[in-house]
Amino acid sequence: MPTPPLIQVQDVSKQFGDKVVLEHITLTLPSAQIFGLLGPSGSGKTTLVRMIAGIDAPTSGSVDVLGQRMPQLAMLSRIGYMAQSDALYAELTAQENLEFFASLYGLSGAKRKQRIQDVMELVDLSAHVKKQIHHFSGGMKRRLSLAISLLHEPQLLILDEPTVGIDPVLRKSIWEELTHLSKQGTAIVVTTHVMDEAEKCDVLGMIRGGRLTAVGTPTELKQATGSATIEEAFLSYGGARA
């Protein structure tokens, strides 16, 4: 029996009332890689990744992740999700937030302690672990949200605009870690409107007005449109400037 693809989105549409947000999206991610969704605000990126994460259900069509039909509560332990808005408890310290989410993921004892240490080092927040979240800057909150999404070493990591408000040096180190995780077998879906981040993805989906306009490697998309840059390719496929 063939191994199912990591992610299979089949003819998915999504409506909120009369507003159509996604139209007939079909997408397959066969194996662990970094898949980027590139598009401007309001293009449908967040809605699509929320359905892959199992937070929303499609109006029509189907989403399967790791061989399971979504949404499914049991899949939460296998997926790491970082939303655009930080889901943190402002009156708690970073350590207390991490302990809380670690317990939800079933981490305990020495394993929990080690994972908290590891992810805080990755996002360069080890010195702030005892600080309450309401004292954090916006960029620090983004970094802590990323750390939380990585705590349980998920098979699938879904990141919605993960580097907004993060300085260029740390952004570079985060992308290096994402590349490392991918090579170790973690599937990563990331939304972005930053062109140099799009170039770092193994495969790129261009989304505009709720429709997937193109899918391919950055090199393939540039070659297909005769473009020198991903931005030129995106505009060639009918995109507005992200």
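So, how many nonpolar, polar and charged residues does the lining of the second largest pocket have? Hold that thought, I'll get to it. One thing up front: what you have on screen is a predicted model.

Let's start with helix H4, residues 138–150. H4 has 13 residues, and from the first C-alpha to the last it reaches 19 Å, close to the 18 Å expected at 1.5 Å a residue. Now, is H4 enclosed or out in the open? Well, 11 of its 13 residues are buried, so H4 is largely enclosed by the rest of the structure. The buried ones are Gly139, Met140, Arg142, Arg143, Leu144, Ser145, Leu146, Ala147, Ile148, Ser149 and Leu150. Yes, Arg142 and Arg143 are both on that buried list.

What's covering them? The cover includes two strands, S6 at 79–82 and S7 at 156–160. Helices are in there too: H2 at 94–104, H3 at 109–122 and H5 at 168–183. Keep those names in mind, since several come back with the pockets.

Okay, pockets. The largest pocket has a volume of about 420 Å³. Its lining is 18 residues, and the ones nearest the centre are Ile79, Tyr81, Phe101, Tyr105 and Ile148. You've met Ile148 already, as one of the buried residues of H4. S6, H2 and H4 each supply at least two lining residues, and S6 has the largest share, with 4. By class, that lining is 13 nonpolar, 4 polar and 1 charged. It also draws on two domains, with at least three residues from each of domain 1 (1–16 + 29–78 + 155–241) and domain 2 (86–153).

Now the second largest pocket, with a volume of about 210 Å³. The lining here is Arg115, Asp118, Val119, Leu122, Leu150, Glu153, Pro154, Leu157, Glu177, Leu181 and Thr186. H3 and H5 are the elements that give two or more residues to it, and H3 gives the most, with 4. So back to my opening question: the lining of this pocket has 6 nonpolar, 1 polar and 4 charged residues. And where does this pocket lie? Domain 1 and domain 2 both give residues to the lining, so the pocket lies between them.

Last bit: some backbone oddities. For background, most residues other than glycine have a negative phi, and most peptide bonds are trans. Here are the spots that go the other way.

Glu153 has a positive phi of about 50°, and it's not a glycine. Glu153 lies in the loop between H4 and S7, and it's also in the lining of the second largest pocket. Buried or exposed? Somewhere in between: at 47% relative accessibility, Glu153 counts as partly exposed.

His24 also has a positive phi of about 50°, again without being a glycine. This one is found in a strand, S2, residues 19–29. At 52% relative accessibility His24 counts as exposed, because the cut-off for that is over 50%.

And then there's a cis peptide bond, from Met70 to Pro71, with omega near 0°. Pro71 lies in the loop between strand S5, at 68–69, and S6. That's the S6 that gives 4 residues to the lining of the largest pocket.

That's all from me. If you're going to click on one thing, try Leu150: it's among the buried residues of H4, and it turns up in the lining of the second largest pocket as well.

Technical notes
Residues numbered from 1 in each chain as written. Predicted model: local features only at pLDDT ≥ 70, side-chain atom pairs only at ≥ 80, totals over all residues. Heavy atoms only, no water. Expected span 1.5 Å × (residues − 1). Buried < 20%, exposed > 50% of the residue type's maximum accessible area, 1.4 Å probe, protein only. Contact = heavy atoms within 4.5 Å. 1 Å grid on protein atoms, 1.4 Å probe; cavity = no way out; pocket = protein on both sides within 12 Å on 5 of 7 lines; lining within 4 Å. Points joined across faces, edges and corners; volume = space filled by probe spheres on them. Nonpolar A, V, L, I, M, F, W, Y, C, P; charged D, E, K, R; others polar. Domains from an automatic or database assignment.
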